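Work through the exercises below with the model open beside you. Try each task before reading its solution.

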Amino acid sequence: MAKTVYVLNGPNLNLLGTREPKTYGRATLRDVENLCRAAAGRHKFELEFRQSNHEGQIVDLIHQAAANKATGIIINAGGYTHTSVAIRDAVAVIEVPVVEVHISNIFARESFRHHSYVAPVARASLCGFGVAGYALAIDGLAALIAARRKS
């Protein structure tokens, strides 16, 4: 049975390519999905790629990934990163390793973006690498899994 990685995207990420291109670039969410599929394929992972503008649906997807015994979760919670205790709690209660990713460097932006509710309960966090951060997150997840198998 193939190991599955869930890539979960939060609010407004459906607008990638047109939304604030100076901050987020011109890549679309479809481009990000293709990048993730290629990275997952290198590690022989299956991929579930989802986006929602609704907090509860993101929580449900985190629960679904855990129930389906996902290999890992890559999450860009978008603006919910800075506001959602519910998403934080969903990540905290699952056994699946979670890697938080952000396209922009959240620490070089407005001060309210400097705090992440997700980061303290995620296995790792990446920001500022543009959409390439998604592939780096999948590569990092694969490295974490490989290291866990060796120990």
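The exercises start from one strand and move outward to the sheet and a neighbouring helix; the model is a predicted one.

**Exercise 1.** Determine how many residues of strand β3 (residues 72–76) are buried, and on which faces.

*Solution.*
- Step 1. Apply the cut-off: buried means under 20% relative accessible area.
- Step 2. Take one face. Gly72, Ile74 and Asn76 are buried there.
- Step 3. Turn to the other face. Ile73 and Ile75 are buried as well, and both sides are covered.
- Step 4. Conclude. Five of the five residues are buried, so β3 is largely enclosed by the rest of the structure.

**Exercise 2.** Find the strands that pair with β3, and the sense of the pairing.

*Solution.*
- Step 1. Look at strand β1 (residues 3–9). β1 and β3 pair in the parallel sense, over five bridges. Tyr6 stands opposite Ile73.
- Step 2. Look at strand β4 (residues 98–102). Here the pairing with β3 is parallel, over three bridges.
- Step 3. Match the partners in β4. Ile73 bridges to Val98. Ile75 has Glu100 as its bridge partner.

**Exercise 3.** Place β3 in the sheet and identify the edge strands.

*Solution.*
- Step 1. Write the order: β2-β1-β3-β4-β5, an open sheet of five strands with parallel pairing.
- Step 2. Read off the edges. β2 (45–51) and β5 (124–127) each have a single partner strand, so one side of each lacks a neighbour in the sheet.
- Step 3. Add the twist. From one strand to the next, it averages 20 degrees.
- Step 4. Add a helix. α2 (residues 29–42) packs on the sheet and touches β1 and β2. The direction of α2 makes about 160 degrees with that of β2.

**Exercise 4.** Trace the connection from β3 to β4 and work out which side of helix α4 (residues 85–92) is buried.

*Solution.*
- Step 1. Follow the chain. β3, α4 and β4 make a β-α-β unit, and this unit is right-handed.
- Step 2. Inspect the start of the helix. Ser84 caps the N-terminal end of α4, with a side-chain oxygen 3.4 Å from the backbone nitrogen of Ala86.
- Step 3. List the buried residues in α4: Ile87, Ala90 and Val91.
- Step 4. Check their directions. They cover an arc of only 95 degrees around the axis, which means that they lie on the same side of α4.
- Step 5. Name what they face. The buried residues of α4 pack against α3 (55–67), β3 and β4.

Conventions. Residues are numbered from 1 along each chain as its sequence is written. This is a predicted model: local features need pLDDT of at least 70, side-chain atom pairs count only at pLDDT 80 or more; totals for chains, interfaces and linings use all residues. Side-chain values use heavy atoms; hydrogens and water are left out. Buried means under 20% relative accessible area, exposed over 50%, partly exposed in between (1.4 Å probe, protein chains only). Helices (H or I, at least four residues) and strands (E, at least two) are DSSP runs, numbered from the N terminus. Two strands pair if DSSP finds at least two bridges between them. A crossover is right-handed if, with the strands pointing away from the viewer, the path from the first strand over the helix to the second runs clockwise. Axes are lines fitted to C-alpha atoms, for helices over the stretch in contact, and angles run from 0 to 180 degrees between N-to-C directions. Contact means heavy atoms within 4.5 Å. The arc is that of the directions from the helix axis to the C-beta atoms. A polar contact is a pair of N or O atoms within 3.5 Å; within protein, one must be able to donate a hydrogen and the other to accept it, and residues adjacent in sequence count only if both atoms are side-chain atoms.
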